[in-house]
Amino acid sequence: RRLAESTCVDQPSAEPTKSSAEPTKPRRVSAAEEEPLRTDGFNDISIASALQMINSAEVKKIMKLQGIGKRRAEQIQESVRANGPLKHVSELQSRLQFKNKLIMGILSTFA
């Protein structure tokens, strides 16, 4: 048995292998590459309430949405003032590159 173990250890492998100790980092996906936003888990009232707060362009109101701090609220305010009100929450993805997870958090404020 010792002889078999030593021959296995002494033989170099033909192909270099990746160490299992090196974690593989997940590739970051931009908002544009994400799957389309699915809002079917939320009713129309939740979506309309979120849009009403967003389109108010008032930072304090926008900050009441889940996942939105002052910096993001200011980004939303600037976008609404520059480009007009949002017609659908998916525009947060196209205008401001918000990820689906964040948009779902915003909608869950009213769920």
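Select Gly84 to begin the tour of this predicted model. Gly84 follows helix 4, and its phi angle is positive, near 90 degrees.

Next, step back from Gly84 and select helix 4 itself, residues 70-83. At 1.5 Å a residue, its 14 residues should span 20 Å, and the C-alpha atoms at its two ends are indeed 20 Å apart, so the expected and modelled spans agree.

Within helix 4, colour Ala73, Ile76, Gln77, Ser79 and Val80, which are its buried residues. Then turn the view to look down the axis of the helix. The buried residues fall within an arc of 165 degrees, and therefore they line one face of helix 4. Now colour Lys70, Arg71, Glu78, Arg81, Ala82 and Asn83: these residues are exposed, on the other side of helix 4.

What covers the buried residues of helix 4? Display helix 2, helix 3 (59-62) and helix 5 (91-96), which are included in that cover.

Proceed to helix 2, residues 44-55, and select Ser46 within it. Is Ser46 buried or exposed? Its relative accessibility is 5%, and for this reason Ser46 counts as buried. To see its contacts, show Leu107, Phe110 and Ala111; Ser46 touches these three residues, when those up to four places away in sequence are not counted.

The next selection is the largest nonpolar core, a group of 24 residues. Highlight Ile54, Ile68, Ile76, Leu92, Phe98 and Ile106, the members that touch the most other members of this core. Helix 2, helix 3, helix 4, helix 5 and helix 6 (100-108) each supply at least two of the core residues. Which helix gives the largest share of this core? That share, five residues, comes from helix 2. As a general background to this view, nonpolar side chains tend to be buried together in soluble globular proteins. One residue links two stops of the tour: Ile76 was coloured as a buried residue of helix 4, and Ile76 is also among the core members with the most contacts to other members.

Finally, display the whole chain. The chain contains six helices and zero strands, and from the N terminus its elements run α-α-α-α-α-α. Of its 111 residues, 31% count as buried. With the surface switched on, the accessible area of the chain comes to about 8500 Å², and 52% of that area belongs to carbon and sulfur atoms. With the contacts shown instead, consider those between residues at least 6 apart in sequence: 59% of them join residues at least 24 apart.

Methods
Residues numbered from 1 in each chain as written. Predicted model: local features only at pLDDT ≥ 70, side-chain atom pairs only at ≥ 80, totals over all residues. Heavy atoms only, no water. Helix = DSSP H or I, 4+ residues; strand = E, 2+ residues; numbered from the N terminus. Buried < 20%, exposed > 50% of the residue type's maximum accessible area, 1.4 Å probe, protein only. Contact = heavy atoms within 4.5 Å. Areas by Shrake-Rupley, 256 points an atom, 1.4 Å probe, with all protein chains shown as cover. Expected span 1.5 Å × (residues − 1). Arc of directions from axis to C-beta. Core = buried A, V, L, I, M, F, W, Y, C linked by side-chain atoms within 4.5 Å.
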